[in-house]
Amino acid sequence: MKKALALTLVTLFAAGSYAAIVIQDNFDSYADQAAFLAAWPTDPTIAVPTPLALSTDQAHSAPQSVFQEGNVARRNYRLFGQEVAPSDLQPLMAEFWLYVPATNSNSRLYCEIRGYSGTGLGDGSLQELIAIGTTNVLTGGAAWFQGRVAFAGLANSGWINLNLPGAPARTAGWHKLGIEVKDAGVVNFYVNDILSGTITDPTPIASYDTFMLGSGLTSNPTAPQSGYYDDVLVQSIPEPASLALLVLGGLALVRRR
Ligand SMILES: [Ca+2]
């Protein structure tokens with residue numbers, strides 16, 4: 001039976017079907033801003049390319065996070081280093097923690113996953129982006145977090161309030177925000193691990209390759225809304241059903257011997 005278990009594990013590894021971590025960063029290992037920028041380059045596409053700032057003022061995981069004050073547009077990015085194709089059996093999950101200071105309709109603090117025709121930002125054209133965080137474009141938005149799928153021809157440029165029944169309201173402090181992408185363009189948005197909104201993309205793309213850290217926008221100069229980002233985790237996660245199938249497959253292989 002030990003042999004069977006070992007072979008099953010080998011089968012699982014061979015299929016690459018256990019959770020594969022694409023990006024994992026708590027921002028705590030960087031000695032200084034230069035070290036942070038080496039891992040997370042400044043987005044060269046915003047009007048005045050300006051990076052987020054490594055900070056110890058707030059942290060979800062101590063001691064560091066990255067800071068975006070409300071009146072300066074800042075954004076960084078990291079390439080996946082691979083094309084990650086989501087499916088129902090192995091969704092793409094992108095999560096991070098966002099600190100917001102107070103509810104305010106002028107807040108624009110969010111992160112995105114993107115898919116380019118090439119290998120990522122800087123190579124090829126942007127085909128789609130999925131965002132979660134805060135925006136000022138929706139009526140009544142200050143009460144909630146928001147999610148977005150662009151550019152699929154959706155209303156409100158693809159932004160929705162994440163206000164499904166039971167969704168956590170936007171409050172001051174840290175919140176865990178998550179994007180889950182499945183087959184057929186099903187995009188689920190999570191706030192504090194609670195499903196808070198869903199968008200079905202009418203024109204889904206095949207794969208994603210880039211994480212954008214920060215919105216690259218200001219949060220209204222008249223009432224600046226500063227924010228912090230921490231604990232980014234991008235994974236390709238097999239659903240329990242697909243894991244079970246692989247285990248059965250592995251056992252079947254063992255039995256045949
Ligand atoms: Ca941290």
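The questions and answers below deal with the strands, the sheet and one serine of a predicted model.

Student: How many helices and how many strands does the protein have?
Tutor: Start with the overall size: the protein has 257 residues, and 38% of them count as buried. Among contacts with a separation of 6 or more, 69% join residues 24 or more positions apart. The secondary structure comes to 3 helices and 14 strands.

Student: In what order do the 6 strands of the open sheet lie?
Tutor: Look at the edges, where a strand pairs on one side only. The pairing in this sheet is antiparallel, and the order is E4-E13-E6-E7-E8-E9.
The edge strands are E4 (76-84) and E9 (159-161). From one strand to the next, the twist averages 15°. To repeat the order asked for: E4-E13-E6-E7-E8-E9.

Student: Which residue in E13 stands opposite arginine 78?
Tutor: Arginine 78 belongs to the pairing of E4 with E13 (residues 208-213). These two strands are antiparallel and share 5 bridges. The residue opposite arginine 78 is phenylalanine 211.

Student: How many bridges join E5 to E10?
Tutor: E5 covers residues 92-100, and E10 covers residues 173-181. The two run antiparallel. One facing pair is alanine 94 and isoleucine 179. The number of bridges between E5 and E10 is 9.

Student: Which residue in the turn between E10 and E11 has a positive phi?
Tutor: E11 spans residues 186-191 and pairs with E10 in the antiparallel sense, over 5 bridges. In that pairing, glutamate 180 has asparagine 188 as its bridge partner. The two strands form a hairpin with 4 residues between them. The phi in question is about 60°, and the residue is alanine 184.

Student: Why does serine 55 count as partly exposed rather than buried?
Tutor: Serine 55 sits in strand E2 (residues 53-55). A buried residue needs 20 or more other C-beta atoms within 10 Å, and an exposed one has 12 or fewer. Serine 55 has 18 within 10 Å, so the label is partly exposed.

Student: How far apart in space are serine 55 and tyrosine 228?
Tutor: Set aside the neighbours of serine 55 within four places in sequence. Its contacts are then Gln64, Ser65, Val66, Phe67 and Tyr228. Serine 55 and tyrosine 228 are 173 residues apart in sequence. In space, C-alpha to C-alpha, the distance between them is 8.5 Å.

Note on methods
Residues numbered from 1 in each chain as written. Predicted model: local features only at pLDDT ≥ 70, side-chain atom pairs only at ≥ 80, totals over all residues. Pairing = 2+ DSSP bridges. Axes fitted to C-alpha atoms, helices over the stretch in contact; angles between N-to-C directions. Contact = placed C-beta atoms within 7 Å.
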